[in-house]
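Let's take a walk through this structure together, one piece at a time. Keep the 3D view open and turn it as you read.

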Amino acid sequence: MDFLGEGVRRALALLFSGDAEVYGVAFLTLRVACIATAVACALGLPLGYALAARPFWGRRATLTVVNTAIAIPTVVVGLVLYGLLSRRGPLGDLGWLYTWRAIVVGDVLLALPLAAALAAAAVQGVDPRIRRTAETLGAGSWRTAWMVAREARFALAAVVTAAFGQVVAEVGAAMMVGGNIRGQTRTLTTAVALSTAQGDFGLALALGIILITLALVVNVALQVLQGRGSG
Amino acid sequence: MLELNAVRHRYGARSVVDVERFTVPRGGLVAIVGANGSGKSTLLRLLALLERPTEGRVLLDEQSVWDAGGRAAVVAARRRVTLVEQRPVLFRGTVLDNLAFGLRSRGVGTDAARRAARDMAARLDLGPLLGRPRAELSDGEIQRVAVGRALALRPDALLLDEPVSSADGAAARTLYGVLEAERQERGLAVCLASHQLEDAYRWADDIRALADGRLSPVTPENLFRVDLPGGGDHTKHVRVGPIEIAVLTEKGGPAILAVPPSDIFVSREPMASSARNVFAGSVIRLAHQRGGAVRVTADVGIELVALITEEATRDLALVPGCAVVFSFKASAVRVF
């Protein structure tokens with residue numbers, strides 16, 4: 001019990017003292033997660049719409065690939081990305097290995113299939129008369145997609161939340177392609193893993209609390225947005 | 001103006017529309033009548049270019065739309081033909097936003113689109129609803145807004161699927177009045193699907209019956225789906241409900257029987273005649289239509305409609321509930 005109690009006390013002290021390392025890790029994590037979520041959703045939402053809106057040749061195969069990609073372990077994504085970004089890899093010249101950019105790429109690869117699959121399900125849930133009505137009133141493809149997206153806004157907001165959740169909680173790929181370098185590529189999850197391994201339970205707990213708070217804030221923000229958008 | 005030519009449409013293996021030729025002329029009002037599931041809504045979606053027919057062509061001003069030039073040609077053609085579905089949906093926003101939607105989609109500025117939307121709202125008595133969101137509208141109001149939203153675009157052809165199914169009498173008269181004015185003023189072509197024959201006879205120039213996705217060669221009443229016995233004598237007796245109808249045909253298997261109302265003799269007593277089909281029953285209702293004709297609906301075991309003159313109605317002293325005899329020849333029964 002002393003061990004746990006001491007851990008909690010140290011965690012609270014770190015949080016309330018504004019510890020530079022703890023908050024540095026948190027801000028990096030937030031930055032990486034926001035960029036990765038934005039990119040994954042920018043690509044995944046249109047892909048999901050395309051998969052759901054109308055049949056096309058290869059749709060079933062694409063859906064299978066997307067759904068399978070959701071289940072790929074994060075360390076496998078990290079491994080493949082490591083191979084691509086390492087000095088001898090085809091993308092080695094970019095010099096991105098062990099940078100926050102590599103973590104963003106890994107997170108995008110993990111969140112993209114999730115965003116696409118959930119967006120496809122969200123669009124499929126929209127009354128098909130919405131699309132037909134927009135089309136018969138002369139709306140082009142983009143405006144029709146916009147009208148469908150407006151109807152699916154709650155489900156699509158949930159897609160963004162899920163993608164953010166996936167990205168912010170990811171540890172395997174971030175560890176492998178980021179390298180967990182202090183002050184540069186150390187994210188909340190990799191820092192928690194390292195601190196725990198080093199026996200600094202208080203620091204791990206402080207980072208864990210920030211992680212949970214981040215997820216909570218994003219969820220609450222989206223719920224507020226949904227509330228404003230209803231009606 | 002708008003035409004289906006040799007159109008066959010299937011969902012999987014199931015044939016839903018099989019039409020050799022169906023035309024909606026400029027300034028005309030064509031009504032499609034038929035039971036639920038007869039293919040009316042699918043036919044309208046084909047005309048509205050929302051579905052591409054499995055076979056055949058959809059012509060707009062004699063140009064085949066789907067073969068004309070890719071998606072851009074279809075989108076351009078859709079801007080001339082607008083469909084209002086049976087249970088229309090409104091988009092998020094107010095009634096005014098909905099009425100202006102189509103014009104905004106065409107690049108019309110917000111102010112101009114809203115002006116046009118308000119004009120249309122005034123014509124359809126929608127003025128008091130303009131600021132309301134869709135959640136605060138009744139089914140009938142949604143239907144009127146959907147028709148207004150389509151008409152605000154001033155399409156060349158308007159397709160309406162059961163446009164007054166949720167409307168009261170006054171709203172229906174207002175709607176048909178506006179349609180009539182648009183037809184007269186600018187040659188709007190209208191095609192509406194309805195199961196309300198009285199409306200169709202009152203407002204339409206041409207009435208086409210649809211059964212199992214096929215157009216009937218005769219008027220829409222007295223259509224029966226049957227299974228004809230094959231081979232043998234050409235005069236076949238087919239059971240339709242509790243009665244048996246004599247038919248002169250070489251066909252066998254599933255078919256639609258049509259008894260043209262104008263081929264039915266109406267009398268108060270059975271007559272000695274060559275008619276093979278003689279059924280006694282009672283009058284259900286009398287409907288007066290344009291040109292001095294009366295449609296007599298009688299229950300003779302099944303519901304049959306006969307077309308007679310007003311003079312004959314008076315001579316026979318027909319009133320709802322009175323006894324009546326319907327007679328028609330086996331050769332009068334059409335099979336398709």
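## Starting from one leucine

Let's begin at B:L47. Setting aside neighbours within four places in sequence, this leucine is in contact with B:L2, B:L4, B:V58, B:V81, B:L159 and B:C191. Before going further, keep in mind that you're looking at a predicted model.

B:L47 also belongs to something bigger. The largest nonpolar core holds 157 residues, and B:L47 is among those with the most contacts inside it, along with A:A115, A:A119 and A:L207. Which element gives this core its largest share? That's α5(A), with 18 residues. Chain B joins in too: domain 1 (2-215) and domain 2 (223-330) each put in at least three residues.

## How confident is the prediction?

For chain A, the average pLDDT is 89, and 97% of the residues score at least 70. Which element of chain A comes out lowest, and which highest? Helix α1 (residues 2-16) of chain A has the lowest mean pLDDT, at 81, while helix α5 (residues 100-124) of chain A has the highest, at 95. As a general tip, where pLDDT is low, the predicted coordinates shouldn't be read in detail.

## Chain B from a distance

Now zoom out. Chain B has 336 residues, and 38% of them count as buried. Its C-alpha trace spans about 75 × 45 × 35 Å along the principal axes. If you count up the secondary structure of chain B, you get eight helices and 20 strands.

How do the contacts in chain B relate to its sequence? Take the ones between residues at least 6 apart in sequence: 67% of these join residues at least 24 apart.

## Two domains in chain B

Chain B splits into domain 1 (2-215) and domain 2 (223-330). Measuring over C-alpha atoms, the centres of domain 1 and domain 2 of chain B are 34 Å apart. How many residues make contact between them? Five residues of domain 1 of chain B are in contact with five residues of domain 2 of chain B.

On the domain 1 side of chain B, α7 (197-203) and β9 (206-211) each supply at least two of the residues that touch domain 2. Sorted by class, that side has three nonpolar residues, two charged ones and no polar ones.

## Where chain B meets chain A

Next, look at the place where the chains touch: 20 residues of chain B are in contact with 15 residues of chain A. On the chain B side, α2 (70-78), β6 (81-84) and α3 (95-105) each supply at least two residues. The largest share of that side comes from α3(B), with three residues. By class, the chain B side divides into 11 nonpolar, three polar and six charged residues.

## A small sheet in chain B

Here's a neat piece to trace by eye. Chain B has an open sheet of three strands in the order β11-β14-β20, with antiparallel pairing. Why do β11 (223-228) and β20 (334-335) of chain B each have one side without a neighbour in the sheet? They stand at the edges with a single partner strand each, so one side is left without a neighbour.

You can follow the pairing residue by residue. Six bridges join β11(B) to strand β14 (residues 253-258) of chain B. B:R225 has B:I256 as its bridge partner in β14(B), and B:L228 stands opposite B:G253. On the other side, β14(B) and β20(B) pair over two bridges, also antiparallel. There, B:A258 has B:R334 as its bridge partner in β20(B).

## Two buried residues in chain A

Let's finish in chain A with A:R131, which lies in helix α6 (residues 128-136). Is A:R131 buried or exposed? A:R131 counts as buried because it has 20 C-beta neighbours inside 10 Å. Leaving out residues up to four places away in sequence, A:R131 touches A:A53, A:T144 and A:V148. A:R131 and A:V148 are 17 residues apart along the chain, and their C-alpha atoms are separated by 6.3 Å.

Compare that with A:A26, in helix α2 (residues 20-53) of chain A. A:A26 is buried, with 21 other C-beta atoms within 10 Å. Beyond its neighbours within four places in sequence, A:A26 is in contact with A:L188 and A:I210. As for the pair, A:A26 and A:R131 sit 105 residues apart in sequence and 42 Å apart in space, C-alpha to C-alpha.

Definitions and conventions
Residues are numbered from 1 along each chain as its sequence is written. Chains are lettered from A and ligands numbered from 1 in the order in which they are written. This is a predicted model: local features need pLDDT of at least 70, side-chain atom pairs count only at pLDDT 80 or more; totals for chains, interfaces and linings use all residues. Domain bounds come from an automatic or database domain assignment. Two residues are in contact if their C-beta atoms, placed from the backbone, lie within 7 Å. Helices (H or I, at least four residues) and strands (E, at least two) are DSSP runs, numbered from the N terminus. Ala, Val, Leu, Ile, Met, Phe, Trp, Tyr, Cys and Pro count as nonpolar, Asp, Glu, Lys and Arg as charged, and the others, Gly among them, as polar. A residue is buried if 20 or more other C-beta atoms lie within 10 Å of its own, exposed if 12 or fewer, and partly exposed in between; C-beta atoms are placed from the backbone. pLDDT is the predictor's confidence in each residue, from 0 to 100. A nonpolar core is a set of buried Ala, Val, Leu, Ile, Met, Phe, Trp, Tyr and Cys residues joined through C-beta atoms within 7 Å. Two strands pair if DSSP finds at least two bridges between them.
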